[in-house]
Amino acid sequence: MGFDSIRLEKGMYRESGKSFAQVLESLDPSENYTGTALEGTDAFQRQLKRFDIHARGAYSDPVEKFFRTAESSVLFPEYIARAVKQGMEENDVLPKIVATTTTIDAMDYRSVYSAASEEDKKLMQVAEGASIPATEIRSKSNLVKLNKRGRMLVASYEAIRFQKLDLFAVTLRQIGAYIQKMHLQDAVDVLVNGDGNGNAAETLTIGTSPLSGTKGTLTYAQLVEFWSQFEPYTMNALLAAPDAMVKMLKLTEFQNPLTGLNFQGTGKLSAPMGAELLRAACVPSGKLIGLDRRYALEMVQAGEVSVEYDKLIDRQLERAAITSISGFGKIMPEAAKVLVI
């Protein structure tokens, strides 16, 4: 079956455990186009080509191009979901702090953790015939809290029918950026306060042992002392509140010519002690969150970006909800710590 003979219907959005794109890909596998002019495209992109819909560039088509036929209108919700997802992925901080992502087809999820004590974590020498020390894996007491984040898209078909798709996508990407900003806020809350299983991050305050200095003042010495608290983990990511980041960047140690040149030329910040420095407005004022991103956080998501396809196909927009359901769980509580300036 070629891509131009597939029968599109909105029921393709309802298949359990599969997204529209996955259903489309199963009917029209991309591997069949290896060595052809369509190599590198996915099933959805080939459907856009089938109906001659240009979604990008200065000569992109108007929105009404999707509604020329009943079958092409079925593609519109997927187009919106992809544009929103693109906005979520642009300047996304989550991949830089999440150790693993788990996708579930439910609203309940219970993670696991290692119940090993500090003594159990030591790989002691095992004598011949002796039992090997065991590390027990248990289910957490409380479920991971999943939050539904979204925006309502409100517009009449008449208002946007002549709007170019390339410009319309800008609004959709902005919606995606808003949704992802809220997911990051949820992640920071779990890093700091835990996921409800008694695993809040250890908080270290400047001027209070084991950190030296005076509360409210940040020096390079305190950053080094904070870094040293992560053994056996490695602090390879540092989330900073805007005011805390300003204090850090004003330190003499971060004002060498190479650091300034990189920041002015690329916008990339220096990496204190090898940790990637990430600004996040949702981090509480005056705080830095250090973490080993390989072990600290699990992201749980209930499917991908969801769009109310019935309203978009049958009623040609009007009001349609765009949502994303995600939650976060702590993996290794000791892999994240909070520095209070």
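**Entry 1. Terms and overall view**

I take helices (H or I, at least four residues) and strands (E, at least two) as DSSP runs, numbered from the N terminus. On that basis I looked just after H2, where Asp 52 takes a positive phi of about 55°. I note at once that this is a predicted model.

I then looked up the totals for the protein chain. The chain holds ten helices and twelve strands. Of its 341 residues, 43% count as buried. I find that about 18300 Å² of the chain is exposed, and that carbon and sulfur atoms supply 50% of this area. Among contacts between residues at least 6 apart in sequence, 79% join residues at least 24 apart.

**Entry 2. Helix H2**

I returned to H2, which spans residues 43-50. Which residues of H2 are buried? I list Ala 43, Phe 44, Arg 46, Gln 47 and Leu 48. These buried residues pack against helix H1 (20-27) and helix H4 (76-89). At the start of H2, I find a side-chain oxygen of Asp 42 within 3.2 Å of the backbone nitrogen of Phe 44.

**Entry 3. Salt bridges**

I searched the whole structure for salt bridges and recorded 15. Side chains of opposite charge can pair when their charged atoms come close.

I first took Arg 7 and Glu 9, whose side chains meet in a salt bridge at 3.3 Å, N to O. Arg 7 counts as exposed because its relative accessibility is 63%. Glu 9, at 38% relative accessibility, counts as partly exposed.

I next took Arg 50 and Glu 71, whose side chains form a salt bridge at 3.6 Å, N to O. This pair links distant parts of the chain, since Arg 50 belongs to H2 and Glu 71 to helix H3 (residues 70-73), 21 residues apart. Arg 50 is partly exposed, with a relative accessible area of 22%. Glu 71 is also listed as partly exposed, at 25% relative accessibility.

My third pair was Arg 293 and Glu 276, with their closest N and O atoms 2.9 Å apart in a salt bridge. Arg 293 lies in the loop between E8 and E9 and Glu 276 in strand E7, so the salt bridge ties together parts 17 residues apart in sequence. I record Arg 293 as partly exposed at 25% relative accessibility, and Glu 276 as partly exposed with a relative accessible area of 28%. I also find one network, in which salt bridges that share partners join Asp 42, Glu 78 and Arg 82.

**Entry 4. Ser 73**

I looked up Ser 73, which lies in helix H3. Is Ser 73 buried or exposed? Its relative accessibility is 6%, so Ser 73 counts as buried, the limit for that class being under 20%. The side chain of Ser 73 reaches the backbone oxygen of Ala 70 at 2.6 Å. Beyond its neighbours within four places in sequence, Ser 73 is in contact with Phe 66, Phe 67 and Ile 313. I also checked Leu 8, which is 65 residues from Ser 73 along the chain; the two C-alpha atoms are separated by 9.1 Å.

**Entry 5. Strand E9**

I examined E9 (residues 297-302) and found five of its six residues buried, so this strand is largely enclosed by the rest of the structure. E9 pairs with strand E1 (residues 100-104) in the parallel sense, over five bridges. Within this pairing I traced Thr 102, whose bridge partner in E9 is Val 300.

**Entry 6. Nonpolar cores**

In soluble globular proteins, nonpolar side chains tend to be buried together. I therefore asked which residues have the most contacts inside the largest nonpolar core. That core has 48 residues, and the residues in question are Ile 97, Leu 239, Ile 289 and Leu 297. At least two residues of this core come from each of H6 (165-193), H7 (220-227), E6 (237-240), H8 (242-249), E7 (276-279), E8 (287-291), E9 and E12 (336-340). H6 gives the most, with six residues.

I then listed the contacts of Leu 297, not counting residues up to four places away in sequence. Leu 297 touches Ile 97, Val 98, Ala 99, Thr 100, Ala 187, Val 190, Leu 191, Phe 328, Gly 329 and Ile 331. Apart from the largest core I find another, of 42 residues, which includes Tyr 13, Ile 53, Ile 80 and Val 305.

Technical notes: Residues numbered from 1 in each chain as written. Predicted model: local features only at pLDDT ≥ 70, side-chain atom pairs only at ≥ 80, totals over all residues. Heavy atoms only, no water. Buried < 20%, exposed > 50% of the residue type's maximum accessible area, 1.4 Å probe, protein only. Pairing = 2+ DSSP bridges. Core = buried A, V, L, I, M, F, W, Y, C linked by side-chain atoms within 4.5 Å. Contact = heavy atoms within 4.5 Å. Salt bridge = Lys/Arg side-chain N within 4 Å of Asp/Glu carboxyl O. Polar contact = N/O pair within 3.5 Å; in protein donor to acceptor, adjacent residues only side chain to side chain. Areas by Shrake-Rupley, 256 points an atom, 1.4 Å probe, with all protein chains shown as cover.
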